[in-house]
Amino acid sequence: MNAQQLLAEISDYCRQSGLADSTFGRRAVNDGKLAARLRNGGRITTDTLDRIHGFMAAHPAQGARPAIIERARDIRSSLPAAPAMPPQPGDPQRNFRFFDNRQKYLLFVNTCSEKWEVAHRVSEELAHIHPRPPAVRVFDAGVGDGSVLVRVMRAMHDRFPTMPFYLVGKEISLEDVRLTMQKMSDRFFEHPSTVLVLTNLAYADAPWLQVKSLNAASSLVWHELPLIGNSAHRFEQQIIDLEPFLAQNWKAGVSARTGNPVYERPVVLVIYREDHRFLLDPIIPKPGGTFANYDLVIASQPYRARASLEFKASRVIAPLARALGPGGRLIAIHSHGNDPGMEIIQRVWPGDHPFIHDRHQLLKAVKHELGAAGRDLNFNAYADNRSLFKYVMHTLPSEISESIGTSTLFAAWNAAIYVAQVEDDRLAEVGDRYIDATRAVLRERGGLWFYDESYVISRRRA
């Protein structure tokens, strides 16, 4: 069952029972925003689906459609009477990855130039920051596979070769943390005065490395790795040795309330070179929280395009803006559309518009959310010629011809549906139509490219 089918059932039930959908959500699963989250692309667990249908079966609406009641009764009858057991080690929920299909993500990253272009756009902001002792402070609000962060670190070394670096990266996906770590040994060799922190905390907590919830704080795992030696090879070996620690602690689950990925336990991993500990002592964070005051905050694709404006502003961008230090800059980047990638999507799903909020709407919402706290912030939407930038799918000149290879068509289709964040259940209905749509756009355009848009929030210098 997909979200639209479930929403239709909920709508039918509410209409026949006289309930508002918010009242239904509260009574069924203790979530008054259930229907709104589903409309905005949220997901739910199978347990939540069972609770919804169980509620419908236990409280049948007057004149409810037989199919709804029968489905609810069938599911309810299959539910165990005993309380649900916690996920077992082999349970798919315990082994939850990120909401994106892993294969789609890796194919997109390796066939398109987005990570390069994003890193270039972010690196341009280095000319506008004004670091203060004891370090250049950077926060990456979604590390992903580390491609952007590692390129920005190279640009930072080129611009600030002798300054210590304090870098904090947020990432909930174990696989992305592994990929990021694999790229870092050379960074510690070239720029030894580096403190790298990786964490799975929420946006409201991660910049400060402090969990507000007392219950979660009691289970916080804080781990330091002082790298020994002076070669990238030795650093890499010690980073690889972190695998058992990551596998044990960097686990994610699915929120029964929102359907979004959440950590099982909060983790903070701090890495630095042992031979630079004395120099880095004022920079190395300590348990109990640290000040933020970042010179640069990177927020590249930090939210789902179809999420509500209120969620993007209040749960993601506003907390990051609060973490800026004097003269600090937050650069946010998300997909823009109006490109050949969207032409493919609209040939398959006419009228589909996944990019529902532009930078102007987001900045207005963030400014409203911050209120008085945003008085010393500048909200810079910029003109299109500065805000928008293009990235391409890599192809050989001979690949876009009368006969386009299957691998090229598949890579182009994958890039289009990844950027548009098309759910897997919608893909099952497409059949072979995507092949003709993708081939036609590639031939007409001579290739495939996409547009991202950026905006900047900066704090005034003290």
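In this predicted model, helix α7, spanning residues 114-124, packs against helix α8, spanning residues 147-159, at an angle of about 40°, and the axes of the two helices lie 9 Å apart. That angle makes α7 oblique to α8, and α7 passes α8 in a right-handed crossing. On the α7 side the contact is made by Lys 115, Trp 116, Val 118, Ala 119, Val 122 and Ser 123, which meet Ser 147, Val 148, Arg 151, Val 152 and Ala 155 of α8. Sorted by character, the residues of this contact comprise seven nonpolar, two polar and two charged.

Turning to the interior, the largest nonpolar core has 44 residues, and those with the most contacts inside it are Tyr 166, Val 195, Ile 317, Leu 320 and Ile 457. Several elements give two or more residues to this core, including the strands β2 (165-170), β3 (194-199) and β12 (449-459) and the helices α15 (309-322) and α17 (359-370). The largest share, six residues, comes from α15.

Tyr 166, leaving aside its neighbours within four places in sequence, is in contact with residues that include Ala 135, Val 136, Val 195, Val 197, Leu 209, Ile 283 and Tyr 294. Apart from the core just described lies another, of 41 residues, and among its members are Val 118, Val 148, Phe 165 and Leu 174. Val 118 and Val 148 also take part in the contact of α7 with α8.

The two cores are set side by side below.

| Core | Number of residues | Residues, among them |
|---|---|---|
| Largest nonpolar core | 44 residues | Tyr 166, Val 195, Ile 317 |
| Another core | 41 residues | Val 118, Val 148, Phe 165 |

Note on methods:
Residues numbered from 1 in each chain as written. Predicted model: local features only at pLDDT ≥ 70, side-chain atom pairs only at ≥ 80, totals over all residues. Heavy atoms only, no water. Axes fitted to C-alpha atoms, helices over the stretch in contact; angles between N-to-C directions. Helix = DSSP H or I, 4+ residues; strand = E, 2+ residues; numbered from the N terminus. Parallel < 35°, antiparallel > 145°, perpendicular 65-115°, else oblique. Left-handed = near helix turned anticlockwise from the far one by under 90°. Contact = heavy atoms within 4.5 Å. Nonpolar A, V, L, I, M, F, W, Y, C, P; charged D, E, K, R; others polar. Core = buried A, V, L, I, M, F, W, Y, C linked by side-chain atoms within 4.5 Å. Buried < 20%, exposed > 50% of the residue type's maximum accessible area, 1.4 Å probe, protein only.
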